[in-house]
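Colleague: I am new to reading structures, and I would like to learn how the labels are earned. Could you take me through this one step by step?

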Amino acid sequence: KIINELRYFNKNFPQEALKKAMNAKEEITPILLEELDKIIACPEIVTENPDYMLHTYAIYLLAQFREKKAFTRIIDLIAFTPEEVEAFFGDILTEGLPSILYSTFDGDLNSLQSIIENPLLNIYVRSAALDVYGKLYSDELVSKEECIDYLRELVYDNFYDINFDLATEVQDVVIQEHIFEMID
């Protein structure tokens with residue numbers, strides 16, 4: 001019943017259903033993970049029905065639960081085409097995605113970096129992933145040396161050109177994390 005109340009847009013915010021979902025973490029987590037799997041296998045569920053909402057509630061609930069099994073699924077979802085990702089997430093891309101990724105992060109830096117480095121992906125997705133990378137450094141889950149090396153690689157080695165679209169995001173990480181060695 002909770003899932004059915006969260007499946008489609010309703011003018012009334014489903015506050016009670018969300019409270020029930022939060023109180024049923026153990027029972028609902030596998031259902032929410034399965035929902036993400038369904039969207040990955042059949043993105044038309046969302047792209048062809050803008051009122052479909054269950055995946056949105058799923059990622060927020062899974063992030064609140066700090067469910068590490070959600071990370072790979074969310075990475076898979078944000079790796080779709082920019083148009084599909086926009087249909088999946090809308091404003092979440094700029095508002096909540098960094099927190100969602102961070103809350104579900106399972107330790108797989110390679111997956112995070114593959115999102116950051118892929119110029120074919122939505123810029124907001126790439127920016128969110130880079131923001132998470134900076135937070136991982138801040139929380140000492142990435143060493144300072146590793147962080148500096150990676151940011152330098154982003155800027156100089158592989159991806160820099162006159163239209164480098166992540167330049168501002170790299171600057172933000174440098175400033176937010178006080179990596180003064182990189183200011184030049």
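Modeller: Gladly! Keep in mind that this is a predicted model. Let us begin with Glu34 and Lys38, which form a salt bridge with their closest N and O atoms 3.7 Å apart.

Colleague: What makes Glu34 and Lys38 a salt bridge?

Modeller: The rule asks for a side-chain nitrogen of Lys or Arg within 4 Å of a carboxyl oxygen of Asp or Glu. Glu34 and Lys38 have their closest N and O atoms 3.7 Å apart, so the pair passes the 4 Å cut-off. Both residues belong to helix α3 (residues 25-41), where they sit four residues apart, about one turn of the helix.

Colleague: Why are Glu34 and Lys38 called partly exposed?

Modeller: Buried means under 20% relative accessible area and exposed means over 50%, with partly exposed in between. Glu34 has 45% and Lys38 has 40%, so both fall in the middle class.

Colleague: How many salt bridges does a search of the whole structure find?

Modeller: Five. One of them joins Lys135 to Asp131, with 2.6 Å between the closest N and O atoms. These two residues are four apart in helix α11 (residues 123-138), again about one turn of the helix.

Colleague: Is Asp131 buried or exposed, and how do you know?

Modeller: Asp131 has a relative accessibility of 19%. The limit for buried is under 20%, so Asp131 counts as buried. Its partner Lys135, at 29%, counts as partly exposed.

Colleague: What makes Lys19 and Glu16 a salt bridge?

Modeller: Their closest N and O atoms are 3.9 Å apart, and that lies within the 4 Å limit. Lys19 and Glu16 are separated by about one helical turn because they are three residues apart in helix α2 (residues 15-23). Lys19, at 39%, is partly exposed, and so is Glu16, at 48%.

Colleague: Now the rings. Why is the pair of Tyr8 and Tyr52 called edge-to-face?

Modeller: By the rule for rings, the count comes to six aromatic pairs. In the pair of Tyr8 and Tyr52, the centres are 5.4 Å apart and the planes meet at 85°. Ring centres must lie within 6.5 Å to pair, and planes over 60 degrees apart count as edge-to-face, so both conditions are met. Tyr8 lies in the loop between α1 (2-7) and α2, and Tyr52 in the loop between α4 and α5, so the pair ties together parts that are 44 residues apart in sequence. Tyr8 is partly exposed at 41%, whereas Tyr52 is buried at 6%.

Colleague: What about Phe71 and Phe105?

Modeller: That pair is also edge-to-face, with 5.2 Å from centre to centre and 85° between the planes. Phe71 is in helix α6 (residues 69-78) and Phe105 in the loop between α9 (97-104) and α10 (109-117), so parts 34 residues apart in sequence are tied together. Phe71, at 1%, is buried, and Phe105, at 11%, counts as buried too.

Colleague: Which residues line the second largest pocket closest to its centre?

Modeller: That pocket holds about 150 Å³ of space. Of its 13 lining residues, Pro50, His55, Thr56, Ala87 and Phe88 are the closest to the centre. Phe88 also forms one aromatic cluster with Phe80 and Phe89.

Colleague: Which element gives the most to that lining?

Modeller: Helix α7 does, with four residues. The lining divides into eight nonpolar residues, four polar and one charged.

Methods. Residues numbered from 1 in each chain as written. Predicted model: local features only at pLDDT ≥ 70, side-chain atom pairs only at ≥ 80, totals over all residues. Heavy atoms only, no water. 1 Å grid on protein atoms, 1.4 Å probe; cavity = no way out; pocket = protein on both sides within 12 Å on 5 of 7 lines; lining within 4 Å. Points joined across faces, edges and corners; volume = space filled by probe spheres on them. Nonpolar A, V, L, I, M, F, W, Y, C, P; charged D, E, K, R; others polar. Buried < 20%, exposed > 50% of the residue type's maximum accessible area, 1.4 Å probe, protein only. Phe/Tyr/Trp six-rings, centres within 6.5 Å; stacked < 30°, edge-to-face > 60°.
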